[in-house]
Amino acid sequence: MDADLAPNPMLLSDFDFDLPDDRIALRPANPRDAARMLVVRPDEPLSDRIVADLPSLLRAGDVLVVNDTRVIPARLFGTRTRDERVVAVEATLHRRLSPSSWTAFMRPGKRLHVGDRVQFGERDDRACLLGALDATITAKGEGGELTLAFDYSGPDLDAAIAERGLMPLPPYIAAKRGEDERDRADYQTVYAREDGSVAAPTAGLHFTPDLLARLKAMGVGFQSVTLHVGAGTFLPVKTDVVADHHMHAEYGEVTAATAEALNAARAAGGRIVCVGTTSLRLLESAAGEDDVIRPFAAETSIFITPGYRFRAADVLMTNFHLPKSTLFMLVCAFAGERAMKAAYVHAIETGYRFYSYGDSSLLFRAA
């Protein structure tokens, strides 16, 4: 193609919008399914509903696909001692590399070096039966991630992290209030099963056992996939040209039984309803050019922007996302850029609550 005729690249500024600070939710709705839900259908007016209305918006034969990952208390505080100089440190675990090692985003990153020893928890606190949670920094990545090799391994390490860690609330919540005991339950889906995430798949936070039972009773199917959400989900896009952004990789699994069930449901006329962008990104990673979903057990760094052809997802339930974020780009790709920008204007003007503890939207694929 002639350079003069090449389309203009998508810019980060194309996905910006003004969000009043008071739209950021600091606590979830109670009960969970009382949250508001904005329904976006192609070429139809926007519809203001609540999550409890979901059964009336789906039909028998549809299949909900949820991410059953479980959030671990991955935010750790401690100290680094070097040459008798003590520095307070904070770590957010990002991705597990082995039974005893994790990558992590740490502060103050520039003052930490390979070989440093870090002790997490209160200094000289031996009340925990497992003792201190100590680690050695063994690598420092170009993206600012450090690798921590812990003295514990496997279940012992998991127990020590659970004892000393805090729930890793998103920065836009943590900046306004501290984590507390309520978050241990609030920041976890009712169907969470597989430990490994350091951020919740927040679309699923709206479900209650009663809502799930009502959906199943009307003939809506239910399938689980697992994608462990890393701390990279909170990192801002730093490139002006969208195509220059590189996504962090996250590990996900779609079993053979789940892939078979989803393919069969679509063949029978059912729709795949992804609960959250994590479920959607994983299914799109598992689907081939022939639109067939296959078993998947690998890392994915799929980056979905307007122009992407969806192969698996028909409907997406998701919260409201940050300006200039990869997730806002994803919903624009799914439901149409013009439709989603109009939906977000409506949501802001009518008081919808944004981000992890905020309200929901139900998006029907544009094409």
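Two strands are said to pair if DSSP finds at least two bridges between them; strands (E, at least two residues) and helices (H or I, at least four) are DSSP runs numbered from the N terminus. In this predicted model, local features need pLDDT of at least 70 and side-chain atom pairs count only at pLDDT 80 or more, while totals for chains, interfaces and linings use all residues. Residues are numbered from 1 along each chain as its sequence is written, and side-chain values use heavy atoms, with hydrogens and water left out.

An open sheet of nine strands runs in the order β2-β1-β17-β16-β14-β3-β12-β13-β15, with mixed pairing. Its edge strands, β2 (47-50) and β15 (296-300), each pair on one side only. Strand β13 (residues 250-254) joins β15 in the antiparallel sense over five bridges, and Tyr251 has Glu299 of β15 as its bridge partner.

Helix α9 (residues 337-349) offers a second point of entry. Its buried residues (under 20% relative accessible area, 1.4 Å probe, protein chains only) are Met340, Ala343, Tyr344, Ala347 and Ile348. Seen down the axis of α9, these residues fall within an arc of 130 degrees, taken from the directions from the helix axis to the C-beta atoms, so they line one face. The face turned away from this buried side carries Arg338 and Glu349, which are exposed (over 50%). Among the elements that cover the buried residues of α9, in contact through heavy atoms within 4.5 Å, are β1 (36-40), β16 (315-319), α8 (326-335) and β17 (360-364). Just after α9, Gly351 takes a positive phi of about 85 degrees.
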